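Trainee: Could you walk me through this structure? I'd like to go step by step.

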Number of protein chains: 2
Amino acid sequence: MVSIKDIARLAGMSPSTVSRVINQKKYVKPEIRKIILDLVEQTGYVPNRAARSMVLQRSFTVGIIAPDTFNMFQRQLFSVIEHRLETFGYHTLFFFVKFEPESEESCLARLKAEKVDGVIMLHEVKDHHFYDFLEAAGIPALLATFDRKDSNFCSIHVDEEKSAQEAVQHLLSLGHRQIDMLSAEGFTFGLKRTDGYRQALRNAGIGVDDEKRVVFTPAFTPASGRLGMKTLLERNHELSAVFAATDELAIGAMRAIWEAGLRVPQDISVMGFDDIDISAYLSPGLTTVRQPLVELGESSANLIHSLICEEAVDRAPIILPHTLVIRESTAEPKK
Amino acid sequence: MVSIKDIARLAGMSPSTVSRVINQKKYVKPEIRKIILDLVEQTGYVPNRAARSMVLQRSFTVGIIAPDTFNMFQRQLFSVIEHRLETFGYHTLFFFVKFEPESEESCLARLKAEKVDGVIMLHEVKDHHFYDFLEAAGIPALLATFDRKDSNFCSIHVDEEKSAQEAVQHLLSLGHRQIDMLSAEGFTFGLKRTDGYRQALRNAGIGVDDEKRVVFTPAFTPASGRLGMKTLLERNHELSAVFAATDELAIGAMRAIWEAGLRVPQDISVMGFDDIDISAYLSPGLTTVRQPLVELGESSANLIHSLICEEAVDRAPIILPHTLVIRESTAEPKK
DNA sequence: GTGAAAGCGCTAACAC
DNA sequence: GTGTTAGCGCTTTCAC
């Protein structure tokens, strides 16, 4: 493999000079710069990452903390982040964590071991030590899709409560009055979206009946959505619409409704949240709240990069705009 | 950050001894080994990756070549691979490539730059140089989900033709005789699955009519599936079933059928391929051919690791078993 | 403007 | 069994 020394020898210069050219430093005669650049081009020389890492004390790696369940929205988001980070010459390193103390612990251990330059958290870790370590170690961190009021970390996300409220308002505006809520445990956004649901009902002067109309399933998966919706249906109360905290949950709900011999939206309207890839291609298409995926991913990547480079950055939470996407899974209630 | 020297000093030993303990080498007195291990534990010492990389001339990284379009099956597969590789202390590095010569070229350039220890290809690159480089550089590579007869690379995949044949046989056994095929360009598996379709029809003594019954769309996405199915429907011939080369395509097809005011499976049966996450949760559930995702991912990770470690490995293509998963999107034809 | 030299943290060959 | 030493490929003082 061709090294900086080879280039130096070929150019009749010292490695230092080559290094200066490569790193765009000044103090190199233009003609020499040109010679070296040509040589680099010809030989296909690329600096060795490990060597640079060592001397620069940087790994050129950002850690992605993701839940073990890594859902579809998160997967799509990751793709965007990865693409963008690549343009900065940054790698990405996965840290999958389960909803268990030991898993968080072992993730923290790995995080300490891997010298990442920054961290993007797609997952809310429970363990305080996690955040403490990040702060103490001075590792730039970004909370993407959630927030922690009590911390100094930058965060980027939509206004969960408000967008959930708008979702339910859409249902209300269609004439629905008996609206159920399907959410899951583990992530704050599930709580916030449920709060938005409650708020929308209250604003409309409709009583909130958590016992009857709200279900929290164990996970944000279609499987959980199906089970949650079955539970709701088995409670055997009147309902004309259901708001699911994520599209995946909504897909499962639609499935349960279908299994019960009912139709969406004729019998029950279904509304989701996230606007993942397939939502537009379901039959019927899923009405949902779109999170600006690309903007979210690109901003996350840009932000962590700025943080790593110690550029001045506004540390206030970034609230991204959401959009109501109305498709065919919602309609006026029967009668 | 605590280094090997610190441990050595604390233990009153030399760095070499510490290194021997860490790397499980022999020739260290058990009591000294214990002292050092304890120290490592206490201080939370972890060897610096960059430094190890440099001296070992290994990056502890495997490159994942994935298409820019990174579909749902591939994303799920990646998750499995990543999890497994993690247990080996390996990182994963993304190389997204588009279906354009320049993109392949720039990917190759990056591949040369990043000193990956191995490569898992989830994407068939057209450019010969790609494979030539890998061979010339002696970088272990694994073709996952496809194969190249003309190469020496290890590969792992299902028997595409045979499984597609079985899929169509299922349709035939239900009584269908007018079966269309929806595929896409860019990947060999799209061709092979189409061949399987043709073969199954021929075996059943049914004429193959590519002009009329087969559509190749630009991509394996729901969007393409929808468009492809529209094309098929607009051709206005009799059809009672459609076989889509992937589940994503099938989802789009179901959507197009729904948009046309027809029902699945009452009017048209739909069959997919892959068995991605959501397929079981569609309404109706998608009948499909399951690729053994977990086995595929774990074997891929294990195999590339063995290759990297220069363990003896059977280089014959690994053919994984597929399974027919029958759900509700297929039924007997009308009348 | 440019080069010499030191050093980042680790492993391995070679002494002892 | 253990220590000494050199060196992986790079950047960065500090001279000149």
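Mentor: Happy to! One definition first: a residue is called exposed if 12 or fewer other C-beta atoms lie within 10 Å of its own, and buried if 20 or more do. Keep in mind that this is a predicted model.

Trainee: Which exposed residues does α4(A) carry on the face turned away from its buried side?

Mentor: Start with the buried side, which consists of A:R49, A:A50 and A:S53. Seen down the helix axis, these buried residues fall within an arc of 100 degrees, so they line one face of α4(A). The face turned away from them carries the exposed residues A:V55 and A:L56.

Trainee: What is included in the cover over the buried residues of α4(A)?

Mentor: Recall that the buried residues are A:R49, A:A50 and A:S53. Their cover includes an element of the other chain, namely α4 of chain B.

Trainee: Which element gives the largest share of the surface near DNA strand D?

Mentor: Strand D is surrounded by 26 residues, and A:S3, A:I4, A:S19, A:N48 and A:A51 are the closest. By class, this surface has 16 nonpolar, eight polar and two charged residues. Helices α2 and α4 of chain A, and α2 and α4 of chain B, each supply at least two residues. The largest share, five residues, comes from α4(A).

Trainee: How many residues of chain B are in contact with chain A?

Mentor: Good one to look at from both sides. On the chain A side, 30 residues take part, and they are in contact with chain B residues numbering 30. The elements that give two or more residues to the chain A side are α4, α5, β2, α6, α11 and α12. That side divides into 15 nonpolar, eight polar and seven charged residues, and the count asked for on chain B is 30.

Trainee: What relation links chain A and chain B?

Mentor: Chain A superposes on chain B by a rotation of 180 degrees with 0.1 Å of shift along the axis, at an RMSD of 0.1 Å. Such a relation is that of a two-fold axis.

Trainee: Why do the copies meet through the same surface? And which residue of chain A comes closest to the rotation axis?

Mentor: For the first part, 97% of the interface residues of chain A are also interface residues in chain B, so the copies meet through the same surface. For the second, we look for the chain A residue whose C-alpha comes closest to the rotation axis; at 2.3 Å, that is A:A50.

Conventions:
Residues are numbered from 1 along each chain as its sequence is written. Chains are lettered from A and ligands numbered from 1 in the order in which they are written. This is a predicted model: local features need pLDDT of at least 70, side-chain atom pairs count only at pLDDT 80 or more; totals for chains, interfaces and linings use all residues. A residue is near a molecule or strand if its C-beta atom, placed from the backbone, lies within 6 Å of it. Helices (H or I, at least four residues) and strands (E, at least two) are DSSP runs, numbered from the N terminus. Ala, Val, Leu, Ile, Met, Phe, Trp, Tyr, Cys and Pro count as nonpolar, Asp, Glu, Lys and Arg as charged, and the others, Gly among them, as polar. The arc is that of the directions from the helix axis to the C-beta atoms. Two residues are in contact if their C-beta atoms, placed from the backbone, lie within 7 Å. Copies are superposed by least squares on the C-alpha atoms of residues with pLDDT of at least 70 in both.
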